[in-house]
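Here are some short exercises to help you find your way around a new structure. Try each task yourself, then follow the worked solution step by step.

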Amino acid sequence: MFKYKELFKIKNLKGIVISIVIFLVILNLSIVSAKVTNNINLNNVGITYENGDLLNISTDSNEINNANNEYEKFTKENRKINTNYVTSKTLLNIQQDNIQQEQVLNKKTEELEKGYEITIDDIDPIYIDNLDYVNWAEDVIVRVLLPTDSLYSIYKSSGTVPTFTYKDKIYSNVSIYNKVHIEKRFVPNTKVIKSKEDFLYYILHGDEKKKKDKLTDKNSIKKIQKKYKLTDEELSLNNPGIKQNQLEYDGHEIIVNKLTPLIKYTYLMEETKEEVIPFKVEKKYVKSMAKGEYKIIENGEDGKSYVTYRNVIVQGKVQNQFKIKNHILIRPKNEKRNVGTHYVPGVGTGHWGWPSSGTKAGITNPFGGWAIAGTSFHTGTDIQSWYGAPVYAADNGVVTESGYDPYVFAGLSVGLNHNNGYTTRYCHLSRTVVNVGDTVEKGQIIGYEGSTGATTGEHLHFSIKYNGQYFNPMTLVFE
């Protein structure tokens, strides 16, 4: 989230570092004392346990040996026991009934040592042997990623991420929504993270194997960074203390993994943008003009405003956005126009209706595609529906053609002149229901889909001309 140079440019890094910092803070605050436990004397050996989890054992070597001897007897004799049996070498949950010997022996056993168990949601626990790792990792991350020293000072004194402005954006309410818990307890020593560097790496990458490249006189830090497309933040967090201008080429290995942190995060980000306020159209309806015609009386002008948005960021992506402030700089000037209302039969309105019962998804051959009739250019758009489906006039007009195409190719067709420069044609019909000279209105049924003429199946071939020139029907806006 915070970076001294180019933070926020990297989409996948937005908020990642915030989540890590807050996670580390929560670890510091969420250490809990052990729950109420039971102390059991098993053959005079002191064992402290809770729900099968070992919390404490005797440090007396004789008592430990006695406990381990009891374990050996138990597994050999298949004894019945009414409690959890725990020793320094074994952690076994024993049911309160007889158990077959092989079931007991197949239980996973591990050496245990004192440490801390960290759980994040339902993923496998993280084990560490020193809480100082948390403080060190937090300090590394904060120093690398907070944009200014003053913010770092505020953070160190308050223990919280302050609200701050960076590159004209305000960041606040940083938090993680994982369930995080840390507890002091005995932990399996084969899984314990035993260095601060390894703990930082695990928080940043989980179980992902480390990828490394060697620093040499021909393989500088900048070249390595460019090769693996690492941001400044990723390079610094993977390799604490590394510097861009480092000149020691001694085979030092650089970790080159991309960040894949375990933590999910959320925060608020406010930003202000300059936006255009589109002008509106004020219409005055007049009977002296034909319906569909209009005349601009006064031109409109767009306005301008500063709009502040509050974005809810979850895992680096905007989930919700709210407009919280709108400062108008220039008010828009509305356009004024006269709009005709007089209906003239047979004259197109310029507002187009879809001509087929099929949808746009049913287009089988677009304008300019292949043509079955041997021509080199497809002059219309083929729309597939079902045989006998209604075909509609795309706008008001007068019928100029209704019958079979004399050249056969188009089959049974209807042609309309919209008397405003546009003409349309509807081909391959199974039947027509209009005659030459009829006046039709937009949306009126003029025929039914078929497969007459040169076709490979039923469809509507719909073509349009303006001032005698074909153009793509799909450039029209259909209502």
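**Exercise 1. Find how many aromatic pairs this predicted model holds, and classify the pair of Tyr 422 and Tyr 466.**

Solution.
- Step 1: Rings pair if their centres lie within 6.5 Å. By this rule the count comes to five aromatic pairs.
- Step 2: For Tyr 422 and Tyr 466, the distance is 4.5 Å centre to centre, and the angle between the planes is 45°.
- Step 3: Planes under 30 degrees apart count as stacked and over 60 as edge-to-face. The pair of Tyr 422 and Tyr 466 is therefore tilted.
- Step 4: Now place the two residues. Tyr 422 belongs to strand E26 (residues 422-432) and Tyr 466 to strand E29 (residues 460-466), so their pair ties together parts 44 residues apart in sequence.

**Exercise 2. Work out how the rings of Tyr 422 and Phe 471 are arranged, and which cluster includes them.**

Solution.
- Step 1: The ring centres of Tyr 422 and Phe 471 are 6.3 Å apart, with the planes at 65°.
- Step 2: Edge-to-face needs an angle over 60 degrees, so Tyr 422 and Phe 471 form an edge-to-face pair.
- Step 3: Phe 471 lies in strand E30 (residues 469-471), and its pair with Tyr 422 in strand E26 links distant parts of the chain, 49 residues apart.
- Step 4: Put the ring pairs together: they link Trp 352, Tyr 422, Tyr 466 and Phe 471 into a cluster.

**Exercise 3. Sort Tyr 466, Phe 471 and Ser 463 by whether they are buried or partly exposed.**

Solution.
- Step 1: Buried means under 20% relative accessible area, and exposed means over 50%.
- Step 2: Tyr 466 has 37%, so it is partly exposed. Phe 471, with 21%, is partly exposed as well.
- Step 3: Ser 463, which lies in strand E29, has 4% and so counts as buried.
- Step 4: Look at what surrounds Ser 463. Beyond its neighbours within four places in sequence, its contacts include Thr 379, Gly 380, Arg 425 and Tyr 470.

**Exercise 4. Decide how enclosed helix H6 is, and find the charge over one of its rings.**

Solution.
- Step 1: Helix H6 spans residues 196-205, and seven of its ten residues are buried, so the rest of the structure largely encloses it.
- Step 2: Among the buried residues are Phe 199, Tyr 201 and His 205.
- Step 3: Over the ring of Tyr 201 sits the charged end of Lys 210, 5.1 Å from the ring centre.
- Step 4: Just after H6 comes Gly 206, with a positive phi near 65°.

Methods: Residues numbered from 1 in each chain as written. Predicted model: local features only at pLDDT ≥ 70, side-chain atom pairs only at ≥ 80, totals over all residues. Heavy atoms only, no water. Phe/Tyr/Trp six-rings, centres within 6.5 Å; stacked < 30°, edge-to-face > 60°. Helix = DSSP H or I, 4+ residues; strand = E, 2+ residues; numbered from the N terminus. Buried < 20%, exposed > 50% of the residue type's maximum accessible area, 1.4 Å probe, protein only. Lys NZ or Arg CZ within 6 Å of the ring centre and 35° of its normal. Contact = heavy atoms within 4.5 Å.
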